[in-house]
Amino acid sequence: MAEIQGFYDDLFTAVPEALAALLDAGDAGASAAVFVDGEPVVDIWGGCADADRTVPWRRDTITGVWSVTKTMTALCALVLADRGDLDMDAPVARYWPEFAAAGKGGVLVRHLLAHTAGLPDWDGPVEELYDWQSVTARLAAQAPRWEPGTAAGYHSLTQGFLVGEVVRRITGRSVGGFLADEVAGPLGADFHIGLSAEHDHRVASSVPPPSRDEDYLASAPGKTAAPTAGTGIRVRDGNSVAWRRAQIPAASGFGNARSVALVQSVMACGGAVRGVRLLSQAGRDRAWEEQFRGEDRVLGMPMCYGLGYGLFGSTYGWGGWGGSLVMIEPDTRTVVAYVTNQMREPGDDNRGLEVGMAAYDGVKALRAGH
């Protein structure tokens with residue numbers, strides 16, 4: 001059985017067992033964390049940080065979490081809204097006047113967070129993603145693919161730039177800068193959007209699925225799992241230094257299960273964790289207000305979106321290409337995070353859910369006082 005490092009409460013032995021089983025099944029490396037009331041009851045890791053299985057995954061190993069990054073960018077916007085600096089019902093153009101071009105004057109801020117703005121595809125070159133001004137100018141000039149607010153289509157790459165530019169216009173800071181100063185920094189969380197060179201030695205590269213190479217293209221977890229429309233992102237792009245340094249706030253965040261669970265515990269615990277209040281209770285609750293329910297035009301499956309988070313009954317969160325996942329349960333003040341560098345084909349990847357289910361009985365027992 002794969003060796004698992006870290007610690008876990010005795011009520012949660014199923015979680016390290018689940019992680020070990022995934023590593024035994026061939027995964028390179030991963031970390032898993034369960035936080036209750038903002039404190040860890042599981043904080044574990046195992047396997048390797050490289051495709052050749054030569055570098056062990058360590059306590060401070062971080063990796064690209066792909067679209068789990070969206071939950072971090074959304075939290076930044078929610079903090080600004082809670083402070084009264086951002087109105088979710090305002091037109092985007094109030095903060096970003098150039099965005100009104102091509103019939104987008106009626107796009108509201110909440111449309112950006114709910115994937116209903118009609119700008120789901122990135123159709124510029126991959127290299128342009130590394131140039132903030134070029135990306136946002138291209139998006140500001142685009143016409144929406146549908147009437148904003150009437151339909152949803154997963155904005156896999158574009159959402160972060162759209163929300164991020166609004167954050168930048170309001171604060172004068174990049175999303176990564178705001179996250180570091182106002183969220184991750186105060187919480188002591190090791191999560192980064194725009195990774196500086198000092199952290200490179202800790203990064204676990206993304207490992208393509210078995211029988212795939214680094215030209216493996218990003219796809220959404222829809223019925224067909226076809227590569228997304230627009231410019232395709234490859235594993236080698238995500239493993240590049242340019243990707244790490246850039247701020248691609250829908251997809252280029254780096255962290256591990258511990259840091260993801262710590263930050264998102266703010267959302268599980270009514271807006272405050274470890275004595276740090278980032279949101280009022282009402283500001284937190286705003287995230288769960290349903291913005292769209294129905295068939296997602298890009299994913300080809302039924303979805304329910306709040307403000308920056310997927311809504312799945314009483315559980316909220318989001319997953320990333322390659323398998324990383326965060327699940328937030330406000331009712332039990334619990335967050336489960338699974339972060340891996342081992343990609344699998346999206347159609348048959350339930351690893352994050354398996355880790356989440358393994359934690360479920362422990363949370364139930366903990367809440368029952370056993």
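**Helix α2, the β10-β11 hairpin and T61**

Helix α2 spans residues 69-82, and its 14 residues cover 20 Å from the first C-alpha to the last, close to the 20 Å expected at 1.5 Å a residue. The structure is a predicted model, and the values reported below are computed from it. Of the 14 residues of α2, 13 are buried, so the helix is largely enclosed by the rest of the structure. After α2 comes G84, which has a positive phi near 85°.

A positive phi is also found for G300, at about 70°, in the turn of a hairpin formed by β10 and β11. Four residues separate these two strands. Strand β10 comprises residues 292-296 and strand β11 residues 301-305; their pairing is antiparallel and involves five bridges. Within this pairing, F292 is placed opposite Y305 of β11.

The remaining site is T61, located in the loop that connects β3 (39-47) with β4 (62-64). The relative accessibility of T61 is 5%, which is under the 20% cut-off, and T61 therefore counts as buried. A polar contact links the side chain of T61 to the backbone nitrogen of R58, at 2.8 Å. When residues up to four places away in sequence are not counted, T61 touches A49, P56, R202, A204 and N256. The surroundings of this buried loop residue thus include R202, A204 and N256 as well as A49 and P56.

Terms used. Residues numbered from 1 in each chain as written. Predicted model: local features only at pLDDT ≥ 70, side-chain atom pairs only at ≥ 80, totals over all residues. Heavy atoms only, no water. Expected span 1.5 Å × (residues − 1). Buried < 20%, exposed > 50% of the residue type's maximum accessible area, 1.4 Å probe, protein only. Pairing = 2+ DSSP bridges. Polar contact = N/O pair within 3.5 Å; in protein donor to acceptor, adjacent residues only side chain to side chain. Contact = heavy atoms within 4.5 Å.
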